[in-house]
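Biologist: Could you take me slowly through the aromatic residues of this protein and what surrounds them? I am in my first year, so please name each residue as you go and tell me how far I may trust the picture.

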Amino acid sequence: YARKLAHRRESMDRCGHSRNDSRKNLRVCSEHEFEQHTTSIKFTHNDITIEECFEMEVIVAAGKSSSLIPSENTKGLGNTRAMTRILNEVKIKSMAQVSSVDVLAATESELEKERRFKNEAERTAAEMMMVTQQVVECHSKEESPVGINPTLAKVAGLVQFNPKSDVHPSKKRKFKVFSEKSTPLRKTDEEFKLASELPPSILPSIKDSEVKRRTGFPDVKCMLGYIIVITNGNIDLIKKRSSSLTWFEEWFRYLEWKYGKVCGRQTDRRSEWGICDKHVDAIIDYKAAIDKGALLSWPRFASYDEDLALRDPSKWSHYDGPRTVLWDMTNVPCPKYEDGSVQRTTWSSYYGTNCFKGGVGNQFCGWTLAWDLWGGSVSDDGYSKDSGILEAQDEYAQSDLVDGEVISFSNIQDRGFRTSYAAWNVGKQTVIQPPFAKSDKRFTGQQTIYSGMIARDRSLIQLTCI
C-alpha cells in the first residue's frame with residue numbers, strides 16, 4: 001500500500017495536480033513519455049519503522065503554465081509529444097547522412113566526391129523537413145481553436161504562431177461579438193444616468209398630502225421639527241450625507257422607510273431612490289442610529305411637574321394627586337415556527353395566533369411609553385410583574401422628588417392585570433382598574449360609574465395601541 005500511495009502521489013505531482021488529490025478513475029495517455037524514478041519510503045508495521053528504496057515508472061513531468069501567457073516551452077499533450085518524437089527521429093536520421101560524409105579528403109577527386117555526397121544529403125534532409133512540415137500542418141488545422149504546440153513547431157522548423165508582444169495578455173482576450181439585433185448589455189448614456197447627475201426628486205415644496213402619505217407627518221414643518229428634535233438642533237448632523245442625494249432627500253427617504261407604507265422592498269427602494277443597495281443601507285443605518293441615540297438619551301418617563309403642566313386640566317383634573325400612567329398590552333404578529341418550544345412560547349390563546357407581546361403606556365401629558373417584546377404566551381399580569389416596569393417606575397420616582405418627597409406611580413390597568421399586591425411591594429405603587437363582581441352578582445350603581453370612568457380614561461391607551 002505504501003508503494004502504491006507513493007507512486008500515485010508522484011504521478012499526480014508530475015501531472016500538475018495536488019499530491020493528495022483523491023479523485024478516482026484517472027488515466028494517463030500512452031503517448032506520454034515515461035521514465036524510471038527511484039525513491040525511498042518509510043512506513044511503520046507492528047511498531048517497527050521500515051525504510052525501503054524502490055523504482056517506479058512515472059511520466060515525465062509536464063510542469064505548469066500560466067493561464068494568461070501562452071507557454072513557449074511546454075511539450076503539449078500526448079499526441080503532440082508523439083509527433084515531436086517522430087520529427088526528432090527523422091531529423092536525426094537526415095542529419096546523420098550529412099555527418100557521415102564529414103571526412104577530410106586527401107585528393108581533389110575525393111573532395112568532389114565529398115561535395116556530391118554532401119549536396120545529396122542536404123537535399124534529402126530538406127525534402128524530409130518539407131514532409132514533416134506538411135504532416136504538422138495537416139495535423140493542426142487552421143480552423144482548430146488550439147494552435148500548434150510551440151515545441152512541435154520549433155522541431156518542425158515552422159514559424160512561431162505566438163510571437164512575443166509588448167501588448168499585455170489581458171488585452172488579447174477575445175470576447176463574443178454581438179450582432180446588431182442582439183440586446184445591449186446595459187442602457188445607453190441617454191437612458192442611464194447617475195442620481196448625482198439628476199435634479200433632486202424631493203424638494204421642501206412637496207405637497208402636504210404627499211408627505212402624509214409617504215412619511216406619516218402632516219406636513220413638511222412637522223417633519224423638520226422632528227428632525228431638529230432628534231438631532232438636538234445640530235445643523236452639521238442634519239446636513240451630513242451618506243450618498244449623492246441631498247440632505248433633505250435622505251431624511252425624507254429614511255422617514256419614508258420608517259413609516260413603512262411605501263417602498264417596502266429593497267428592490268423598490270433601489271429603483272425609486274436611484275442609488276445602489278450599499279448607499280440605501282448607509283442612509284438607513286446612519287439615520288436610524290441618530291434616531292435611536294436620541295431615544296436612549298431621553299428619560300423613560302415624563303417628570304411629575306412636566307406631566308401636570310402639559311396635561312389637559314379639564315379632562316384629567318381628578319388625577320392631579322398621584323403620578324398616573326395608563327398601561328395595556330399590544331401584540332406584534334409573527335409566523336409559525338417549526339421548533340416546538342418556540343411555537344409554544346409565541347402562541348397567544350387571546351389573540352389566536354403566534355405573536356410577540358409588549359407593554360405600551362401613556363402619561364396624561366402625552367408622553368408615550370413602549371416596553372420590551374415577550375413571547376405571546378405570557379399573561380398580562382405575568383408580564384407586568386417580571387418585565388421590570390414596576391422596578392423602573394419606582395427607580396424614576398426615587399430620582400424625581402417633589403418638594404423632597406417621593407410620589408409613587410399609580411397604574412391604570414384593565415381587569416386582566418392582577419398586579420395590585422406586586423405593585424404595592426415595589427415602592428408602594430397603586431393600581432386603578434375596574435372592580436370585580438363575585439359569581440353572578442351585579443355591580444352597584446357606584447361600581448358601574450367607577451368602571452365606566454376607568455373605561456373612558458383607558459380609551460386613550462387603546463388608541464395608542466392601534
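Modeller: Let us begin with Tyr-383, which is buried, with a relative accessible area of 0%. Please keep in mind throughout that what you see is a predicted model.

The ring of Tyr-383 pairs with that of Trp-374: the centres lie 5.3 Å apart and the planes stand at 75°, so this pair is edge-to-face. Trp-374 itself counts as partly exposed, because its relative accessibility is 29%, and that value falls between the limits of 20% for buried and 50% for exposed.

In the whole structure, a search finds 11 aromatic pairs. Another of them joins Phe-301 and Trp-371, whose ring centres are 6.3 Å apart and whose planes meet at 35°, so that this pair is described as tilted. Phe-301 sits in the loop between α10 (277-297) and α11 (304-310), while Trp-371 belongs to strand β6 (residues 368-375), and the pair therefore ties together parts that are 70 residues apart in sequence. Phe-301 and Trp-371 are both buried. They also belong to one aromatic cluster, which is formed by Phe-301, Trp-327, Trp-371, Tyr-396 and Phe-409.

A charge accompanies one of these rings, for the charged end of Arg-300 sits over the ring of Trp-371, 4.0 Å from its centre. A second arrangement of this kind involves Lys-261, whose charged end sits over the ring of Tyr-259 at 5.9 Å from the ring centre.

The strand that holds Trp-371 deserves a look of its own. Strand β5 (residues 353-363) pairs with β6 in the antiparallel sense, over six bridges, and within this pairing Gly-361 stands opposite Leu-369 of β6. The two strands form a hairpin with four residues between them, and in the turn Gly-366 has a positive phi of about 105°.

From here we can move to the nonpolar cores. The largest of them has 16 residues, and those that touch the most other members are Ile-206, Val-211, Met-223, Ile-227, Trp-251, Phe-252 and Leu-255. Two or more residues of this core come from each of α6 (220-230), α8 (247-259) and α10, and α8 gives the most, with five residues. If you follow Phe-252 and set aside its neighbours within four places in sequence, you find it in contact with Ile-202, Ile-206, Val-211, Arg-214, Thr-215 and Met-223. Another core, of 13 residues, lies apart from this one, and among its members are Trp-327, Met-329, Leu-369 and Trp-371, so Trp-371 brings us back to the tilted pair with Phe-301.

As for trust, the mean pLDDT of the protein chain is 77, and 71% of its residues reach 70 or more. Among the elements, α6 has the highest mean pLDDT, at 94, whereas helix α4 (residues 150-156) has the lowest, at 61. Two stretches call for caution. Over residues 63-70 pLDDT stays under 50, and the model has seven contacts for them beyond four places in sequence; over residues 141-146 pLDDT also stays under 50, and there the model has zero contacts of that kind.

Conventions
Residues numbered from 1 in each chain as written. Predicted model: local features only at pLDDT ≥ 70, side-chain atom pairs only at ≥ 80, totals over all residues. Heavy atoms only, no water. Phe/Tyr/Trp six-rings, centres within 6.5 Å; stacked < 30°, edge-to-face > 60°. Buried < 20%, exposed > 50% of the residue type's maximum accessible area, 1.4 Å probe, protein only. Lys NZ or Arg CZ within 6 Å of the ring centre and 35° of its normal. Pairing = 2+ DSSP bridges. Core = buried A, V, L, I, M, F, W, Y, C linked by side-chain atoms within 4.5 Å. Contact = heavy atoms within 4.5 Å. pLDDT = per-residue confidence, 0-100.
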